[in-house]
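Here is a walk through one model, with an eye on how its helices pack and what sits around its ligand. Have the structure open and follow along.

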Amino acid sequence: QYILGVETSCDETAVAIIKNGREIVANVVASQIESHKRFGGVVPEIASRHHVEQLTIVFEEAMKQANLDFNDLSAITVTEGPGLVGALLTGINAAKALAFSHGIPLIGVHHIAGHIYANRLIKELEFPLLALVVSGGHTELVYMKEHANFEVIGETLDDAAGEAYDKVARTLGLPYPGGPHIDRLAHEGKPTIDLPRAWLGAGSFDFSFSGLKSAVINTLHNAKQKGITLEAKDVAASFQASVIDVLVTKTSQAVDKYPVKQLLLAGGVAANKGLRTALEKEFSSRDGLELIIPPLSLCTDNAAMIAAIGSILYDKGIRSDLALNANPGLELTSY
Ligand code: ATP
Ligand code: MG
Ligand code: FE
């Protein structure tokens, strides 16, 4: 079984092919970061235009890497949402055109289901499991009792973790996307500044990062007014300490409440070195719990993860028709 995945929800044009659900045979990602950098964030119109320019090239490269013919494909799976509507449409239309012209089944998938299933490219999933999803647009704890069954037990009430990283980075004058820069600086600095942690009450698995972001901005502003210079590396270290403290503590509480066999890490912020280390320290030696952390290339947006969830949906007999449309606000539901 060969499944082709297409991902264009934001600023990565990606096509991948996986074999039998778990083996990557092609994985091509064309990033647009350089084009968006000077605007300090993703410009939707530019993103769509780049996807259109890149898609054919990325498709050809993936087919070449896999050394396959379109007739070898069992299905074409594509991100239908959430994401930027124009960006999503470029991938959906390309996937539809290929599916129609070659008579291949088409399957629309949820981007976050993809992030979670990136873990299956590393390790076979065992249920029940919990996934900590931390990305540019999402921060949530997802409980799964079987394949393609997603129960969100907690989520951010305002900013996503990645969004907070990018906004704090911007305040510190660091380039977009700021996550990796804060991560690097945090390791050089010390968490000397006392910043809030949003616990949101006992037993809550929800998150909130906008207060933390405002606290960083206010701290920098007040220091400036008093003529004090704060070192960016210490601000980064203090901010990162707060984010990791909340993520690890809430995940630990969730693991206590929901006994699971595996804990998965997913989403772009999963590339964060501090978070990866903290999770390993907290969970790698817990009896009966397996911690899975994908390599960096499978944490940030890619299409192998889209093919990975696509493979499960294909086996379940789920198909989309050619009326498949972009759904920028698509909810994560069970299939
Ligand atoms: P979503 O997946 O929620 O739709 P997205 O696809 O835009 O959003 P991803 O591509 O999964 O998000 O992740 C991008 C985010 O990950 C950015 O906010 C970026 O700053 C953050 N990020 C990447 N590397 C790191 C890192 N090392 N530390 C912290 N954040 C990081
Ligand atoms: Mg991106
Ligand atoms: Fe993503």
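At what angle do helix 5 and helix 7 pack, and how far apart are their axes? In this predicted model, the angle is about 10° and the axes are 10 Å apart. Angles under 35 degrees count as roughly parallel, so helix 5 is roughly parallel to helix 7. On the helix 5 side, the contact is made by Ala-164, Lys-167, Val-168 and Thr-171. Helix 7 brings Leu-212, Lys-213, Val-216, Ile-217 and Leu-220 to that contact. Sorted by class, the residues of this contact are six nonpolar, one polar and two charged.

Now for another pair, helix 6 and helix 8. Their axes cross at roughly 105° and come within 7 Å. Helix 6 and helix 8 are therefore roughly perpendicular to each other. From helix 6, Ile-182, Asp-183, Leu-185, Ala-186 and Glu-188 take part in the contact. Their partners on helix 8 are Ala-232, Lys-233, Ala-236, Ala-237, Phe-239 and Gln-240. This contact has seven nonpolar, one polar and three charged residues.

Helix 6 has a set of buried residues too: Gly-179, His-181, Ile-182, Asp-183, Leu-185 and Ala-186. The cover over them includes helix 5, helix 8 and helix 9.

**Around the ligand**

Which residues come closest to ligand 1? They are Gly-136, Gly-137, Gly-162, Gly-179 and Gly-268, out of 25 residues that surround the ligand. By class, the shell holds seven nonpolar, 15 polar and three charged residues. Helix 4 (111–117), helix 5 (161–171) and helix 6 (179–188) each supply at least two residues of that shell.

UniProt has something to say here as well. An unreviewed entry lists Val-133, Val-134, Ser-135, Gly-136, Gly-137, Asp-166, Gly-179, Asp-183 and Asn-272 under "binding site". Two of these are worth a look.

Gly-137 sits in the loop between strand 6 (129–134) and strand 7 (139–144). Beyond its neighbours within four places in sequence, Gly-137 is in contact with Pro-82, Ala-160 and Glu-163. Asn-272 belongs to the loop between strand 9 (262–266) and helix 9 (273–283). Not counting residues up to four places away in sequence, Asn-272 touches Gly-179 and Asp-183, which are both on the UniProt list with Asn-272 and both among the buried residues of helix 6.

**A second annotated group**

The "binding site" annotation in UniProt (unreviewed entry) also covers His-111, His-115 and Asp-301. How many residues do they span in sequence, and how far apart are their C-alpha atoms? The span is 191 residues, yet no two of the C-alpha atoms are more than 8.9 Å apart, so the three gather at one spot.

His-115 is part of helix 4. Setting aside residues up to four places away in sequence, His-115 touches Val-133, Ser-135, Ala-266, Gly-267 and Met-305. Val-133 and Ser-135 turn up in the other UniProt list as well.

Asp-301 lies in the loop between helix 10 (296–299) and helix 11 (304–315). With its neighbours within four places in sequence left out, Asp-301 is in contact with Glu-7, Cys-10, Glu-12, Ala-14 and Gly-268. Gly-268 is also one of the closest residues to ligand 1.

**One more loop residue**

Asp-206 is found in the loop between helix 6 and helix 7. Apart from neighbours within four places in sequence, its contacts are Gly-154, Glu-155, Leu-157 and Leu-200. How far is the C-alpha atom of Asp-206 from that of Gln-1? They are separated by 38 Å, with the two positions 205 residues apart along the chain.

**Buried or partly exposed?**

Here is how the residues picked out above come out by the number of other C-beta atoms around them. A residue with 20 or more within 10 Å is buried.

| Residue | Other C-beta atoms within 10 Å | Class |
|---|---|---|
| His-115 | 31 | buried |
| Asn-272 | 28 | buried |
| Asp-301 | 27 | buried |
| Asp-206 | 19 | partly exposed |
| Gly-137 | 18 | partly exposed |

So Gly-137, with 18 such neighbours, counts as partly exposed, while Asn-272, with 28, is buried.

Technical notes: Residues numbered from 1 in each chain as written. Chains lettered and ligands numbered in written order. Predicted model: local features only at pLDDT ≥ 70, side-chain atom pairs only at ≥ 80, totals over all residues. Near = placed C-beta within 6 Å. Helix = DSSP H or I, 4+ residues; strand = E, 2+ residues; numbered from the N terminus. Nonpolar A, V, L, I, M, F, W, Y, C, P; charged D, E, K, R; others polar. Axes fitted to C-alpha atoms, helices over the stretch in contact; angles between N-to-C directions. Parallel < 35°, antiparallel > 145°, perpendicular 65-115°, else oblique. Contact = placed C-beta atoms within 7 Å. Buried ≥ 20, exposed ≤ 12 C-beta atoms within 10 Å, placed from the backbone. UniProt positions renumbered as here; feature names shortened; annotations may be inferred.
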